[in-house]
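Work through the exercises below with the model open. Try each task before you read its solution.

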Amino acid sequence: MKIVILGSAHPLRGGLAAYNERLASEYQKQGAEVIIYSFSLQYPSILFPGKSQYTDEPAPENLSIRTRINSINPLNWIRIGNEIRKLRPDLVIVKFWMPFMAPCLGTICRIIRKNGHTRIISIIDNIIPHEKRPGDSLLASYFVGAVDGFIAMSRSVLKELEQFDQHKPKLFSPHPLYDHFGDIIAKAEAKRRLYLDPDWNYALFFGFIRDYKGLDLLLRALPDPRIRELKLKLLVAGEFYCDSAPYLKIIEENQLDDLVIMSNDFIPDSNVRNYFCASDLVIQPYKSATQSGVTQIAFHFNKPMIITNVGGLAEFVPDGKTGYVVDTDPQLIADAIYKYCKENKEQEFSAEVAIEKEKYSWKKMTEAIETLYNEIENMK
């Protein structure tokens, strides 16, 4: 099969690029011919909240990446659409994560489909964004109209898709493991690499910091006097994509400087496993969510989680088995942290995570895409 993946890839950084590259590798392992069409301009600098969109790490080996798409240039969309249309791939896979990308990706997909051969499947991170803006629904509708079928990575997103289309084929297939960050290393060695005090335990908040991710809820949980008894520190590993001042104010007002370690540069792939392997648990105190790539990194490293019961997060973390699911309340987050540590749940939950993660292979994702592709073909 000849496949084009439309979306972020090296030298762009972050979870979207990692996902597309890992999916391409899986397809190549299965014998498919794969090309990734990535962005020469993904976001205009004025719209990008971080320090850089690009990684300094080497390009992945053995992947064909064409850095061609300009997200804000309609003439570019036409050119790229016609280029891929003439390639006549059997399948185009396009990730959709925010309405801003709908005009670009939707236009390219519409042009590709004119060849009468290529089928287009979108893997949907979010159809309704966490941070809503006027026009989001209109833009999402435009994109939905350009696609033949959809893979939703959480059941909550699958349900939301029904607001935009009731007829095209749709499947739920969970986010596969982010298993490209290396093997598990000993906790003591990971702490040494990060220059962490070996006598302390660590909880991890990982990833870009945005308001909907609820770091403020977690910080407000830490002053609980029971947490002070645990010899536990919080590692905050990720770049601020919002104003850092409110978070730093919580730390200052509650005298948390000795309990919170802020590592607020982008964490390169080569360093990700050190943060996860140094930690006793991963905490995702989100205020809204669909699914999370952080969950799939935690699964890869056999790390238990404390998550909030929002969106599709709870679909992936069985409460009391691989972690705890709580409401978006600092007191309840504190209760879960205390219970986890005082009852020494790490070994028990980690063993369950190692079993649970078998559900999330990349082969299962490609099988879901194949099922959807065949359904689309049968409808033609």
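The exercises cover a sheet, a buried serine and some ring contacts.

This is a predicted model, in which local features need pLDDT of at least 70 and side-chain atom pairs count only at pLDDT 80 or more, while totals for chains, interfaces and linings use all residues. Residues are numbered from 1 along each chain as its sequence is written, and side-chain values use heavy atoms, with hydrogens and water left out.

**Exercise 1. Trace the open sheet and find which strands stand at its edges.**

Step 1. Set the terms. Strands (E, at least two residues) and helices (H or I, at least four) are DSSP runs, numbered from the N terminus. Two strands pair if DSSP finds at least two bridges between them.

Step 2. Read the order. The open sheet has 7 strands, running β3-β2-β1-β4-β5-β6-β7, with parallel pairing.

Step 3. Check the ends. β3 (65-70) and β7 (170-172) each have a single partner strand, so one side of each lacks a neighbour in the sheet.

Step 4. Look at one pair. Parallel strands β5 (residues 119-124) and β6 (residues 149-152) are joined by 4 bridges. Ile123 stands opposite Ile151 in β6.

Step 5. Add the helix. α14 (residues 362-379) packs on the sheet and touches β4 (91-96), β5, β6 and β7. Contact means heavy atoms within 4.5 Å. The direction of α14 makes about 140° with that of β5. Such angles run from 0 to 180 degrees between N-to-C directions, with axes fitted to C-alpha atoms, for helices over the stretch in contact.

**Exercise 2. Is Ser279 buried or exposed?**

Step 1. Locate Ser279 in the loop between α10 (269-278) and β11 (281-284).

Step 2. Apply the cut-offs: buried is under 20% relative accessible area, exposed over 50%, partly exposed in between (1.4 Å probe, protein chains only). Ser279 has 0% relative accessibility, so Ser279 counts as buried.

Step 3. List contacts. Beyond neighbours within four places in sequence, Ser279 touches residues including Lys187, Tyr202 and Glu346. A polar side-chain atom of Ser279 lies 2.7 Å from the backbone oxygen of Tyr275.

**Exercise 3. Classify the aromatic pair of Tyr178 and Phe181.**

Step 1. Rings of Phe, Tyr and Trp (its six-membered ring) pair if their centres lie within 6.5 Å; planes under 30 degrees apart count as stacked, over 60 as edge-to-face and the rest as tilted.

Step 2. The structure holds 14 aromatic pairs. For Tyr178 and Phe181, the centres are 6.3 Å apart and the planes are at 75°, so the pair is edge-to-face.

Step 3. Compare Tyr340 and Phe349: 6.0 Å centre to centre and 45° between the planes, a tilted pair. Both Tyr340 and Phe349 are buried.

Definitions and conventions. Polar contact = N/O pair within 3.5 Å; in protein donor to acceptor, adjacent residues only side chain to side chain.
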